[in-house]
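Reader: Could you walk me through this one while I have it open in front of me? I will ask as I go along.

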There are 2 protein chains.
Amino acid sequence: MTTLQQVALRAGCSLATASRALNRNGAVSDLMVRKVRRAAAELGYRPAVPAGGKLGRRPVIGVLIPSITNPVFASSLSSIQNRMLVAGHGVLIAQSDYDPAREADAVASLLNDQPTGLILTVCNPASSAALLPSLPPTVLLNNMPTSLFPAAVTADNHGAGRELTEMLIDLGHRRILFVSGNFAASDRAQHRYEGYRETMAGHGLSPIRAMEIPFVGVYDQLDLSAALTAFSPTAIIASNDLLALGVIGALRREGLSVPGDVSVAGFDGIAIGRLMDPPLTTIEMPDASMGAAAASLLLDMAENAAPARHLSVAHMLRRGGTVRAI
Amino acid sequence: MTTLQQVALRAGCSLATASRALNRNGAVSDLMVRKVRRAAAELGYRPAVPAGGKLGRRPVIGVLIPSITNPVFASSLSSIQNRMLVAGHGVLIAQSDYDPAREADAVASLLNDQPTGLILTVCNPASSAALLPSLPPTVLLNNMPTSLFPAAVTADNHGAGRELTEMLIDLGHRRILFVSGNFAASDRAQHRYEGYRETMAGHGLSPIRAMEIPFVGVYDQLDLSAALTAFSPTAIIASNDLLALGVIGALRREGLSVPGDVSVAGFDGIAIGRLMDPPLTTIEMPDASMGAAAASLLLDMAENAAPARHLSVAHMLRRGGTVRAI
DNA sequence: CTGAAAGCGCTTACAG
DNA sequence: CTGAAAGCGCTTACAG
């Protein structure tokens, strides 16, 4: 490891001057700046972290999401990063892959970087409390707050589930199937399903037990034949848009048209959904604003000791073309 | 800011003992460990970085990509993160938004975190050299190496452009339009276009000047009417899959069917393309492997002083249903 | 098991 | 414009 002292020696100046030359703060002659920079380059000097709480590395925050390749989380991650850039914080990432064990490891790794704070989207905020040995200020994103994690930014997934189901029932649908990702890995899917159940029951209809699909990234091999035979649904709600796209593909492989034979709707409002033909009917969640809100809340807590809050953001039904009246 | 000294004071021990209690290294009585940990918790103590090059934060690397929400980059970022987790390195992210000015800022920010190394996907590796005041070990991802950045992991974009064009010509297409993202922001698009030009010319066909589309995230407002009138293309090559999806939507809005009236093909092989109906014809780039390869190369350079290398990975034509013979 | 003290690599008044 | 020196918060032999 090369030290500044060695650089100074090679440049023929003192430690102090070398420090000033490299950091461009104190007054140093141009000649000396050049000498020092050259010496530093030749020696491959990389500054170590000075003590004293001064300067050193930029503060960082840690972000845990299930998967970077899911557009929903990519979108919030992107806006978190933009917000943190302005605030002068670095952003470290970790992925759980929807696996509680990996989730705990991932958070532990983030902690090794001594982050100013954490933004977490966890599998289950209650059980994730096991992590808690003195976490820095933490904001949940997309998970409901708990007593241990009182700061959170969420959408009303329960209400969104009700709204979508209500719309389908209004359009005359009665046999509505709910296809979901793994509930254990997503309390969002759970809340959406709850909204569906409630609304079905409220209309005197019997909710169908959710069909749970293990997460596989992109659902290009989904097989719905058994469920179609068993329930003959006229509409299918998918617990997220990625899954909805997979459902549409699966229906087409069964020779069914969307929305001709079966209506399909999802949640999230991923951008790609607008490019499909017909465009996907979905409940749009403002992922980017949610990410930015979580980032701002975290900064407020970490820098101004602001109290933990729960922000709930509004969603919006986006009528595409994959749903029709019966 | 709370210091270890204050914690020690409150716990009723010396600085040294407090340090040992918190780090669980030297021998400390259980009672004292408890006292110190409690004092630390009460004071909200967060360790500062000790000098001396010892311990401190986990080493980190920095990753710069144009945009996290682009599935291509999300995919490589994800695999970089997975590779680095195993190696015990944190991953910091930065986005350029395809803007050279923001790119420079973003790299400067990353440097503030004193990363062990950098993985960069830049707009233009030649002009980006302006960044170079003593960068740590750096690997380009998706950019061709230069003398200043000799380490790189790339696909053969030029060859991919040739291959796709060749296929369309084989299928009888003659008027082939190339629709591209902003060339200034992507040398990948440039190389793909070059492959197209060469192949067209090689077959005695006149390449059409590329239609450049400014980047807008998701292309749901693309207007191709002028180009369609001017060139009556029977096939359109898009410089990437996201754009290809936009092109297909635009054609449909013009009342044209794909591939009935116009064939469309893209590059990248994003997962969503497989879910479309018909599935997108594209040249698949192994983004995840490329990310992992870049990560491994960087670690090798940073930890073992391995020499810079250029790895070129193989692509693969994925025949979807958006192209047909004429 | 505990503490006094040296030392880590760096920054920054202070003096020239 | 430059240097000697104090000091940053922490770790770690060394001595008890």
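Reader: How far is the side chain of Thr3(B) from a phosphate oxygen of DNA strand D?

Author: In this predicted model, an N or O atom in the side chain of Thr3(B) is 3.1 Å from a phosphate oxygen of DNA strand D, and a polar contact here means a pair of N or O atoms within 3.5 Å, where pairs within protein also need one atom able to donate a hydrogen and the other able to accept it, and residues adjacent in sequence count only if both atoms are side-chain atoms.
Side-chain values use heavy atoms, without hydrogens or water, residues are numbered from 1 along each chain as its sequence is written, and chains are lettered from A and ligands numbered from 1 in the order in which they are written.
Local features need pLDDT of at least 70 and side-chain atom pairs count only at pLDDT 80 or more, while totals for chains, interfaces and linings use all residues.

Reader: Which other atoms touch the phosphates of DNA strand D, say from Leu4(B) or Ser19(B)?

Author: For Leu4(B) a backbone N or O atom lies 2.4 Å from a phosphate oxygen of DNA strand D, whereas for Ser19(B) an N or O atom of the side chain is 2.5 Å from a phosphate oxygen of that strand.

Reader: And which residues come nearest to DNA strand D?

Author: There are 24 residues around DNA strand D, and Thr17(A), Arg20(A), Leu4(B), Ser19(B) and Tyr45(B) come nearest, where near means that a heavy atom of the residue lies within 4 Å of the strand.
Of the atoms of DNA strand D that come within 4 Å of the protein, 67% are sugar and phosphate.

Reader: Which helix gives the largest share of that surface?

Author: Helix 2 of chain B does, with 5 residues, and helices here are DSSP runs of H or I with at least four residues, strands being runs of E with at least two, both numbered from the N terminus.
The surface near DNA strand D divides into 14 nonpolar, 8 polar and 2 charged residues, counting Ala, Val, Leu, Ile, Met, Phe, Trp, Tyr, Cys and Pro as nonpolar, Asp, Glu, Lys and Arg as charged, and the others, Gly among them, as polar.

Reader: What about DNA strand C, which atom of it faces the side chain of Arg20(B)?

Author: A base nitrogen of DNA strand C is 2.6 Å from an N or O atom in the side chain of Arg20(B), while for Thr17(B) the side-chain N or O atom is 2.6 Å from a phosphate oxygen.
Helix 2 (15-23) of chain A and helix 2 (15-23) of chain B are the elements that give two or more residues to the surface near DNA strand C, and the largest share, 5 residues, comes from helix 2 of chain A.

Reader: Switching to the rings, how many aromatic pairs are there over all chains?

Author: The structure holds 8 aromatic pairs, a pair being Phe, Tyr or Trp rings (for Trp, the six-membered ring) with centres within 6.5 Å, called stacked if the planes are under 30 degrees apart, edge-to-face if over 60 and tilted for the rest.
One of them is Tyr193(A) with Tyr196(A), stacked at 5.6 Å centre to centre and 25° between the planes.
These two tyrosines lie 3 residues apart in helix 7 (residues 187-202) of chain A, about one turn of the helix.

Reader: Are Tyr193(A) and Tyr196(A) buried or exposed?

Author: Both Tyr193(A) and Tyr196(A) are buried, with buried meaning under 20% relative accessible area, exposed over 50% and partly exposed in between (1.4 Å probe, protein chains only).
Ring pairs also link Tyr193(A) and Tyr196(A) with Phe178(A) and Phe183(A) into a cluster.

Reader: Any odd backbone spots, for instance what is phi at Tyr98(A)?

Author: Phi of Tyr98(A) is near 65°, a positive value in a residue other than glycine, and Tyr98(A) is found in the loop between strand 2 (90-95) and helix 5 (100-111) of chain A.
Tyr98(A) counts as buried because its relative accessibility is 17%.

Reader: Which residue of chain B has phi near 55°?

Author: That is Asp97(B), also a positive value in a residue other than glycine, and at 31% relative accessibility Asp97(B) counts as partly exposed.

Reader: Last one, where does Pro278(A) lie?

Author: Pro278(A) lies in the loop between strand 9 (263-268) and strand 10 (281-284) of chain A, and the peptide bond from Asp277(A) to Pro278(A) is cis, with omega near -5°.
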